[in-house]
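Subject: Structure for you to look at

Hello,

Here is the structure I said I would pass on. Please open it beside this email and follow along as you read.

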Amino acid sequence: MWRRIQIRQQLRSFSTKTATTDSSSSSSTISLLKSKKWDALVIGGGHNGLTAAAYLAKSGLSVAVLERRHLIGGAAVTEELIPGYKFSRCSYLQSLLRPSVIRELELGRHGLKLLKRNPSSFTPCLDGRYLLLGPDKELNHAEISKFSNKDAEAYPRYEHQLENFCKFMDPLLDSSPPETLQRASSIKTRLKDRLDKSAFWVHCMRRALSMGQKEMVDFMDLLLSPASKVLNNWFETEVLKATLATDAIIGTTVC
């Protein structure tokens, strides 16, 4: 019930703001929103809302997306905040945009182009030195060696471990978790549900066993331990640890 109330309040707010600031084209939009019966309403045209709306529409539902700003995209919007200069409002890269979403929504056909960061990070120091990291392994080794030869040797092993962990997690991120079947009357349906759940967990166990005991312990340590502990186990120089720690805090302060 509260969801219906929230949607009505958003619609009233949308109607009031638009009616006082826009022309007749906005009035016709409001009339369309009120007259048509929608299967789903998405409040907010940010990147998550647009993705959800696209999947709902792709499944055959009629979907309305309501956004109060003059442009859509949410945190992924690029705007000219200073005349002549464009900035990304919040999202500085697209590492969390799943390849399956790009493929299933045919984003490439709609103009999506991905640009690789090279270099990927620049960390200045108070003494005038700096740390530059990117996809070039030789550059990374030379840059880290300016601060620590030991860390320069450990960094490729650290990257390799993270890549192995990503290979473990990637299939799970794109898989639908098994849900509890409610009031299934058919024995065939209940049996299929049990088999689907078993297949999911068997897949998880098989991938966990393939990692080995030590890697699995390191993986759980990475998930559950503070970033400082993990990085202290690998490296000694503060500028490198500070640079890598940004990966652990991305998204933690997003409301």
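Lys 146 has a relative accessible area of 37%, which means that the residue is partly exposed. Its side chain meets that of Glu 143 in a salt bridge, with 3.1 Å from N to O. Glu 143 has a relative accessible area of 8%, so this residue counts as buried. Please keep in mind that the model is predicted.

In general, side chains of opposite charge can pair when their charged atoms come close. The structure holds eight salt bridges, and two others are described here.

Which residue does Arg 98 form a salt bridge with? The partner is Asp 170, and the closest N and O atoms are 3.3 Å apart. Arg 98 sits in the loop between S4 and helix H4 (99–104), while Asp 170 belongs to helix H6, so the pair ties together parts that are 72 residues apart in sequence. Asp 170 is partly exposed because its relative accessible area is 34%.

Asp 221 and Lys 229 also form a salt bridge, and here the closest N and O atoms are 3.6 Å apart. Asp 221 counts as partly exposed, at 22% relative accessibility; the cut-off for buried is under 20%, so 22% does not qualify. Lys 229 is partly exposed too, with a relative accessible area of 42%.

Next, the strands. Glu 79 is found in strand S3, which covers residues 78–82. Is Glu 79 buried or exposed? Its relative accessible area is 12%, so Glu 79 is buried. The side chain of Glu 79 makes a polar contact with the side chain of Arg 69, at 3.2 Å. Neighbours within four places in sequence aside, the residues in contact with Glu 79 include Arg 69, His 70, Leu 71, Tyr 85 and Phe 87.

Phe 87 is found in strand S4. At 34% relative accessibility, Phe 87 counts as partly exposed. Together with Leu 81, Ile 82 and Tyr 85, Phe 87 makes a nonpolar surface patch of about 410 Å². S3 and strand S4 (85–88) are the elements that give two or more residues to this patch.

Two helix residues are also worth finding on your screen. Asn 149 lies in helix H6, residues 149–173, and counts as exposed because its relative accessibility is 55%. Asn 149 and Thr 237 are 88 residues apart in sequence, and their C-alpha atoms are 9.9 Å apart in space. Ile 249 is in helix H10, residues 238–249, and counts as exposed at 53% relative accessibility. The C-alpha atoms of Ile 249 and Ala 227 are separated by 8.7 Å, with the two positions 22 residues apart along the chain.

Now the chain as a whole. It has 10 helices and six strands. Of its 255 residues, 23% count as buried. The accessible surface comes to about 19,000 Å², and carbon and sulfur atoms account for 58% of that. Among contacts with a separation of 6 or more, 42% are between residues 24 or more positions apart.

Last, the confidence of the prediction. The mean pLDDT of the chain is 81, and 83% of the residues reach 70 or more. Over residues 1–21 the pLDDT is below 50, and this stretch has 13 contacts in the model beyond near neighbours in sequence.

Regards

How values were computed. Residues numbered from 1 in each chain as written. Predicted model: local features only at pLDDT ≥ 70, side-chain atom pairs only at ≥ 80, totals over all residues. Heavy atoms only, no water. Helix = DSSP H or I, 4+ residues; strand = E, 2+ residues; numbered from the N terminus. Buried < 20%, exposed > 50% of the residue type's maximum accessible area, 1.4 Å probe, protein only. Polar contact = N/O pair within 3.5 Å; in protein donor to acceptor, adjacent residues only side chain to side chain. Contact = heavy atoms within 4.5 Å. Patch = residues over 30% accessible without salt bridge, like charges linked within 9 Å, V, L, I, M, F, W, Y side chains within 5 Å. Areas by Shrake-Rupley, 256 points an atom, 1.4 Å probe, with all protein chains shown as cover. Salt bridge = Lys/Arg side-chain N within 4 Å of Asp/Glu carboxyl O. pLDDT = per-residue confidence, 0-100.
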